[in-house]
Amino acid sequence: MSAVFQPIINFGYSLWGVLTALAVALFGNELAPYVLYGVKTLLLIVCIVVPIMLCVAYLTLWERKVIGWIQLRLGPNRVGPLGLLQPIADGVKLMMKEIIIPSGSNKLLFVAAPVLTIMPALAAWAVVPFDPEMVLANIDASLLYIMAITSMGVYGVIIAGWASNSKYAFLGAMRSAAQIVSYEIAMGFALVGVLMASQSLNLVEIVRGQSSAYGMFGWFWIPLFPLFITYLIAGVAETNRAPFDVAEGESEIVAGFHVEYSGMTFAVFFLAEYANMMLVSILCALMFLGGWLSPFPASWGILGASSFLWLLFKTFLVVSSFLWFRATFPRYRYDQIMRLGWKVFIPVTLVWILVLGAWMQTPLWVWWKS
């Protein structure tokens, strides 16, 4: 993989040399390091956000294609070769649509709500490692940061429903917020199991804790299997995806908390949902499926080598399962969703944490040991 990216890396070093010389010439030797640090951070943010937005756009196309194949349809195939320009056409259409703000709404909060929803979905990527060296902020408490920043997304949902001054939007916001909070507890307990098994809050160290001579059998999905399943299903519920999308039950409350939104304000909610799907998927790959580690033993040569491509492949499989769930399972009733979260997932995670703690004190625990 290094040979593929080497020309890009060389170009980056050359460009950085030019920027360094320019900064020294403009700001002097004392201020230049601070200016360069700010420029470097902004460039890294752009290098993360732009690919994420492209992936989000084409994830919508992949979803429509997958569901079309499952339902024996073709899916989008008219705009561009093989329909590959369909996300671009959808984006242009949404940008051309009028943004209608209800006259009785709180206009400031109405516009701020989509921003509050997508901000945590993008800010969480600051600590996501793509390999041991490719991470914007490799902080020790990255797992704690993820839990804190993603829990803020519910504020955008509540504010959107309240600021719209619509009973339908407010009802959808309350249902969605209750669902998010309920499943966030089970998801948090699942992450406690990851913390116990890896003995670290750092995502890079969590992945390193899954490296062993056993390949995929050294990953945490085996000892944490109930927590892995809980995290995956809770991630579906957290992102309001089918079959947990009662907040957007068309036959009940129209489109949920964003029923009054149109144009780009609606598009931002749409982007936030898909960005959250990708975030949950890559975190699942990092914490349970070995991240960039190969599923094969190191003795297998190139197949056994760790690579950023393995992380992409695992994330793709997990996010594709979200689409498969949507096309397969019927929507649950709201009482069934809440009962699953409170009476099944939370007790299961609590019990498995106790089992895990006892298991780790025995010689049968063969996974990561600090």
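Here are some worked exercises on this predicted model.

**Exercise 1. Work out which kinds of secondary structure the protein chain has, and check its overall size against the globule rule.**

Solution. Start by counting elements: the chain has twelve helices and zero strands. Reading from the N terminus, you just get α followed by α, right through to the end. Next, take the size. For 370 residues, a compact globule would come out near 21 Å in radius of gyration, and the chain has 22 Å, so the two agree. If you'd rather picture a box, the C-alpha atoms fill one of roughly 60 × 60 × 45 Å along the principal axes. Finally, look at how the chain meets itself: of the contacts between residues at least 6 apart in sequence, 75% join residues at least 24 apart.

**Exercise 2. Find the largest nonpolar core and say which helices build it.**

Solution. First, the background: in soluble globular proteins, nonpolar side chains tend to be buried together. Here, 44% of the 370 residues are buried, and the largest nonpolar core takes in 67 residues. Its members with the most contacts inside the core are Trp125, Tyr231, Leu283, Met287 and Phe288. Now trace where the core comes from. Helices supplying at least two residues each include helix 1 (2-70), helix 6 (167-198) and helix 12 (334-359). Helix 10 gives the most, with 13 residues. Then zoom in on methionine 287: beyond its sequence neighbours, it's in contact with Leu143, Leu191, Val194, Leu203, Ile206, Gln210, Phe220 and Tyr231.

**Exercise 3. Decide which residues of helix 5 are buried, and find what covers them.**

Solution. Go along helix 5 (residues 153-163) and pick out the buried positions: Gly153, Val154, Gly156, Val157, Ala160, Gly161 and Ala163. To make sense of the spacing, recall that an α-helix has 3.6 residues a turn, so residues three or four places apart point the same way. The cover over the buried residues of helix 5 includes helix 3 (107-123), helix 4, helix 6 and helix 10. Just past the helix, check the backbone: asparagine 165 follows helix 5 with a positive phi, near 60 degrees.

**Exercise 4. Sort alanine 178 and arginine 241 into buried or partly exposed, and list what each touches.**

Solution. Take alanine 178 in helix 6. Its relative accessibility is 29%, so it counts as partly exposed, given that buried means under 20%. Leaving out residues up to four places away, alanine 178 touches Tyr334 and Met338. Now turn to arginine 241, which sits in the loop between helix 8 (225-238) and helix 9 (250-253). Arginine 241 has a relative accessible area of 3%, so it's buried. With the same kind of neighbours left out, arginine 241 touches Glu63, Val236, Glu273, Tyr274, Met277, Phe322, Leu323 and Arg326.

**Exercise 5. Look for unusual backbone angles in the loop between helix 8 and helix 9, then look at glutamine 199.**

Solution. Begin with asparagine 240, which lies in that loop. Its phi is positive, near 55 degrees, though the residue isn't glycine. Asparagine 240 is also buried, at 6% relative accessible area. Move on to proline 243, in this loop too: the peptide bond from alanine 242 to proline 243 is cis, with omega near 5 degrees. Last comes glutamine 199, in the loop between helix 6 and helix 7. Glutamine 199 has a positive phi of about 60 degrees, and at 46% relative accessibility it counts as partly exposed.

Methods
Residues numbered from 1 in each chain as written. Predicted model: local features only at pLDDT ≥ 70, side-chain atom pairs only at ≥ 80, totals over all residues. Heavy atoms only, no water. Helix = DSSP H or I, 4+ residues; strand = E, 2+ residues; numbered from the N terminus. Buried < 20%, exposed > 50% of the residue type's maximum accessible area, 1.4 Å probe, protein only. Contact = heavy atoms within 4.5 Å. Rg over C-alpha atoms; globule rule 2.2 N^0.38 Å. Core = buried A, V, L, I, M, F, W, Y, C linked by side-chain atoms within 4.5 Å.
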